[in-house]
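Here are my notes on the structure you sent, set out as numbered points. They begin with the ligand site, move on to the strands and end with some local backbone features.

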Amino acid sequence: MAPMPIALAGIGKIARDEHIPALIDSPDWRLDAAISRSASVDGVRNFSDIDEFLADPGEVRTVALALPPGPRMAYARKAIEAGLNVMLEKPPAPTLTELRNLWSLAQSRGVTLYASWHSRMGAAVEETRRRIAEARLRRLRIDWREDVRQSHPGQDWVWEPGNLGVFDPGINAFSILAVILDETPHLTSCRMEIPEGRQMPIAADLDFATVAGAEISGRLDWRHDGDPSWRMEIETDRGTFALTRSGSAVEVDGAEISLDGSVAEYPLVYKRLAELVRASESEFDLRPMTLTADAFLIAERRVGAPFEW
Ligand code: NAP
C-alpha cells in the first residue's frame with residue numbers, strides 16, 4: 001500500500017526526537033507538511049499554524065499533534081471540523097470533558113481520533129500483562145523518576161495550569177497500569193510537592209487500592225539525577241519481576257530477559273495510527289487521564305523548594 005501523506009504540528013523536542021524519525025522510516029506514512037510557529041522541517045511543506053495549513057491541506061487527510069495539551073485542543077478541533085483524522089500526543093487534553101467532546105465531534109464527523117499512549121507500545125508491556133494474568137498480583141510499586149531538565153529542558157509550560165507537572169511522565173505509568181491489570185486500581189491517597197512559585201507538582205507519592213486486594217503504590221519524581229528510572233516492581237504469588245525502561249524491558253533476578261519483536265515505541269504508534277485510519281476506526285482510552293485527574297482531586301499539597309532551570 002502506498003504511504004499516506006501526513007502533517008505534523010508542534011515541532012518541539014518530541015517531534016524531533018521521535019515523531020520525525022518514526023515518520024521518515026514508516027512504510028505507512030509520508031511526512032508532507034510541518035506546522036510550527038517558529039521551526040521548519042526540511043523537504044516538506046511548512047506552515048506557521050493550523051489555519052494556514054487547513055487553507056491548503058493538499059492531499060493530507062491526517063494530522064499528528066505533538067504540541068502541549070493546552071494549544072493542542074484548538075488544533076484538534078479545527079482539523080476534525082475540516083474532516084481530517086487526528087492523532088493526539090499524550091496527555092491528550094487539559095480536561096476530561098474537552099476530551100469527551102472532541103471524541104463526540106470526531107464520531108459525528110466520521111474521522112479517526114487516536115489518543116496515543118506511547119509507553120503502552122513498549123516491547124515488554126504485553127509480557128508483563130501475561131505474567132500478571134497467569135498469577136495472583138500481591139504488590140506493584142511504580143517508581144517513575146527522571147530529571148526534568150533533561151526531559152523538558154526550559155519548557156515552562158510543564159509548570160503551568162492545564163499541564164501536569166511530574167504527572168506528565170507519570171501518566172505514562174498509568175497508561176501501562178491500565179492495560180497490564182484486569183482491574184483499574186483506584187487512588188486512595190496522593191501527596192504532591194509543588195515548588196514554591198510554581199503551579200504543578202515536581203514529585204508525588206501515590207497509593208492505590210484494588211477490589212482483588214493487591215497493594216499498589218508509586219513515586220513520581222522530577223528531581224532525579226542521571227538517566228531516567230522508569231520501573232514497576234511487581235510481586236505475584238509466582239515470583240517477582242520488574243517492568244523497566246518505561247515498558248521496554250522485563251527484569252527477572254536483576255537481569256533483562258530477551259523479548260521477541262522489540263520495536264521502538266513511536267514506529268508502533270504510527271503503525272497503529274495507519275491501522276486505525278485504514279479501518280476508519282478510533283482509539284480513545286480515558287483511564288490514564290482519569291487516574292491523573294483523581295490524583296489532583298484528592299491530593300494533599302505541600303510547597304517545596306523553588307525550582308529554576
Ligand atoms: P516542546 O519541546 O515544548 O514542543 C512543543 C511544541 O509545541 C513547541 O515547540 C511549539 O512548537 C508548539 N507549541 C507550544 N505552545 C504552542 C501554542 N500555544 N500554539 C502553537 N504551538 C505551540 O514540548 P515536547 O517536549 O515536545 O512535548 C510536547 C508533547 O509531547 C507534550 O504533550 C508531552 O507530554 C509529549 N511528550 C514529550 C516527551 C519528552 O520527552 N519531552 C516524551 C513523550 C511525549 P512551535 O514553536 O514549532 O510552534
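1. This is a predicted model, and the place to begin is the ligand, since the space that the ligand takes up is the largest pocket. The elements that contribute two or more residues to the shell around the ligand are helix H1 (13-25) and helix H3 (69-81). Of these contributions, H3 gives the most, with four residues.

2. Which residues come closest to the ligand? The ligand is surrounded by 25 residues, and the closest of them are Lys13, Ile14, Ser36, Ser38 and Asp168. In character, the shell divides into eleven nonpolar, eight polar and six charged residues, which is worth having in view when you look at the site on screen.

3. Backbone atoms of the protein approach oxygen atoms of the ligand at several positions. Ile14, listed above among the closest residues, has a backbone N or O atom 2.8 Å from an oxygen atom of the ligand, and for Ile11 the corresponding distance from a backbone N or O atom to a ligand oxygen is 3.3 Å. A polar backbone atom of Arg37 also lies 2.8 Å from an oxygen atom of the ligand. As to how much of the ligand is covered, the protein takes 83% of the 870 Å² of accessible area that the ligand has on its own.

4. Turning to the strands, the model contains an open sheet of nine strands with mixed pairing, in the order S14-S13-S12-S11-S7-S10-S9-S8-S15. Its edge strands are S14 and strand S15 (300-304), each of which pairs on one side only. As general background, the strands of a sheet pair through backbone hydrogen bonds, in either a parallel or an antiparallel manner.

5. At the S15 edge, strand S8 (residues 186-195) and S15 run parallel and are joined by five bridges. For orientation within this pair, Ile194 stands opposite Val303 in S15.

6. Towards the S14 edge, the pairing is described by two hairpins. Strand S12 (residues 239-244) and strand S13 (residues 249-252) run antiparallel and are joined by three bridges, with Leu243 standing opposite Val250 in S13. These two strands form a hairpin that has four residues between them. S13 in turn pairs with strand S14 (residues 255-256), again in the antiparallel sense, over two bridges, and here Val252 stands opposite Ala255 in S14. The hairpin of S13 and S14 has two residues between its strands.

7. Both hairpin turns deserve a look at the backbone torsions. Arg245, which is found in the loop between S12 and S13, has a phi near 50 degrees, a positive value in a residue other than glycine. In the turn between S13 and S14, Asp253 likewise has a positive phi of about 50 degrees.

8. Where is the cis peptide bond that joins Lys90 and Pro91? Pro91 lies in the loop between strand S5 (85-88) and helix H4 (96-109), and the cis bond between Lys90 and Pro91 has an omega of about -20 degrees. I would ask that this peptide be shown in any figure of the loop that contains Pro91.

Notes:
Residues numbered from 1 in each chain as written. Predicted model: local features only at pLDDT ≥ 70, side-chain atom pairs only at ≥ 80, totals over all residues. Heavy atoms only, no water. Near = heavy atom within 4 Å. Polar contact = N/O pair within 3.5 Å; in protein donor to acceptor, adjacent residues only side chain to side chain. Areas by Shrake-Rupley, 256 points an atom, 1.4 Å probe, with all protein chains shown as cover. 1 Å grid on protein atoms, 1.4 Å probe; cavity = no way out; pocket = protein on both sides within 12 Å on 5 of 7 lines; lining within 4 Å. Sits in = over half its atoms within 2 Å of the grid points. Nonpolar A, V, L, I, M, F, W, Y, C, P; charged D, E, K, R; others polar. Pairing = 2+ DSSP bridges.
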